[in-house]
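I opened my notebook beside the viewer today. Here is the chain I looked at, followed by my entries.

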Amino acid sequence: GEDVYIVQSGCDEVNDMLMELLIMINACKIASACRVTAVIPCFPYARQDKKDKSRAPISAKLVANMLSVAGADHIITMDLHASQIQGFFDIPVDNLYAEPAVLKWIKDTIPDWRNSCIVSPDAGGAKRVTSIADRLNVDFALIHKERKKANEVATMVLVGDVKDRIAILVDDMADTCGTFCHAAEKLTEAGASKVYAICTHGIFSGPAISRINNSVFEAVVVTNTIPQEERMKCAPKIKCIDISIILAESVRRTHNGESVSYLFSHVPL
């Protein structure tokens with residue numbers, strides 16, 4: 001008869017994590033839990049949200065079905081790769097944003113943040129970047145990938161002015177950091193005084209750590225939706241924003257039947 005919250009992020013061995021989460025949801029459900037909420041800071045398979053080529057699976061929809069069938073009544077997650085993933089579920093989904101925490105970090109840590117420019121490393125993240133730029137009342141820029149020929153490496157074209165400014169690259173996840181590091185070099189060439197990178201989910205697979213260590217970044221800022229302790233030891237440039245307080249407050253509000261909307265634009269005190 002209790003209100004149960006199971007916290008499990010999609011990191012490390014993602015399939016083991018997912019299976020463990022499904023079994024725990026089911027265990028609670030058949031032990032007569034009143035309501036089971038899955039708190040998934042980093043949603044697994046979130047990037048596979050559409051068919052990028054013929055005969056490809058839509059794994060995010062499959063994960064949504066599995067969670068529902070296991071018995072989850074509510075999902076709390078953070079910065080979904082595409083917010084349409086909420087529509088894959090027939091149960092309520094709260095997609096929280098790291099944006100308020102990111103804004104707070106920028107204001108607290110970058111002394112000259114008013115002379116900054118928020119940059120998106122690809123066209124897909126334009127919406128996220130314009131939102132942050134509006135809240136800080138600074139300019140934004142985009143990096144557009146252009147392929148000259150089919151097999152040639154993409155050239156990056158910067159749209160916007162970053163000369164003598166602090167460039168802050170913002171994206172929802174950093175995987176191998178190839179795009180991030182390539183974009184950082186482009187910004188430095190364009191005359192940016194400093195380059196920071198901020199992303200919600202620091203996956204850092206493959207050569208990511210060595211790329212960060214050899215990059216021109218002042219800092220690469222991630223949240224702890226995925227545990228970062230080990231990576232921070234290997235790469236001193238990685239800084240971490242703690243978002244546990246946002247998830248904790250959303251759990252408290254959900255349990256007490258209060259509105260969660262406040263958290264979309266504020267960091268709980």
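What pLDDT does the chain average? I found a mean of 94, with 97% of the residues scoring at least 70; pLDDT is the predictor's confidence in each residue, from 0 to 100.

**Ground rules.** I note that this is a predicted model, where local features need pLDDT of at least 70 and side-chain atom pairs count only at pLDDT 80 or more, while totals for chains, interfaces and linings use all residues. Residues are numbered from 1 along each chain as its sequence is written, and side-chain values use heavy atoms, with hydrogens and water left out.

**Confidence by element.** I looked up the extremes: confidence is lowest in β7, at a mean of 89, and highest in strand β2 (residues 35-40), at 98. My element names follow DSSP runs, numbered from the N terminus: helices are H or I with at least four residues, strands are E with at least two.

**Around β2.** I checked burial here, where buried means under 20% relative accessible area, exposed over 50%, and partly exposed in between (1.4 Å probe, protein chains only). In β2, 5 of the 6 residues are buried, so the strand is largely enclosed by the rest of the structure. On one pairing, strand β1 (residues 3-7) runs parallel to β2, joined by 5 bridges; I count two strands as paired if DSSP finds at least two bridges between them. V4 has V36 of β2 as its bridge partner. Together β1, helix α1 (residues 14-30) and β2 form a right-handed β-α-β unit. By right-handed I mean that, with the strands pointing away from the viewer, the path from the first strand over the helix to the second runs clockwise.

β2 also pairs with strand β3 (residues 74-78), parallel again, through 4 bridges. Here V39 is matched with I76 in β3. From β2 the chain passes through helix α2 (residues 59-70) to reach β3, in a right-handed β-α-β crossover.

**Around β9.** Is β9 mostly covered or mostly open? It is mostly covered, as 8 of its 9 residues are buried. β8 and β9 pair in parallel over 8 bridges, and L169 has A197 of β9 as its bridge partner. The route from β8 to β9 goes through α5, and this β-α-β crossover is right-handed. β9 is also joined to strand β10 (residues 219-223), in parallel, by 4 bridges, with I198 partnered by V221 in β10. β9, α6 and β10 make a right-handed β-α-β unit.

**Helix α5.** I took a look at the helix on that β8 to β9 route. α5 (residues 178-189) has 12 residues and reaches 17 Å from its first C-alpha to its last, close to the 16 Å expected at 1.5 Å a residue; the expected span is 1.5 Å times one less than the number of residues. Which residues of α5 are buried? They are F180, C181, A183, A184 and L187. These cover an arc of only 160 degrees around the axis, which puts them on the same side of α5; the arc is that of the directions from the helix axis to the C-beta atoms. Their cover includes β8 (166-174), β9 (194-202) and α6 (208-213). Just after α5, G191 takes a positive phi of about 100 degrees.

**A235.** I ended in the loop between α7 (229-234) and β11 (238-241), where A235 lies. A235 is buried, at a relative accessible area of 0%. Leaving aside neighbours within four places in sequence, A235 is in contact (heavy atoms within 4.5 Å) with I209, I212 and N213.
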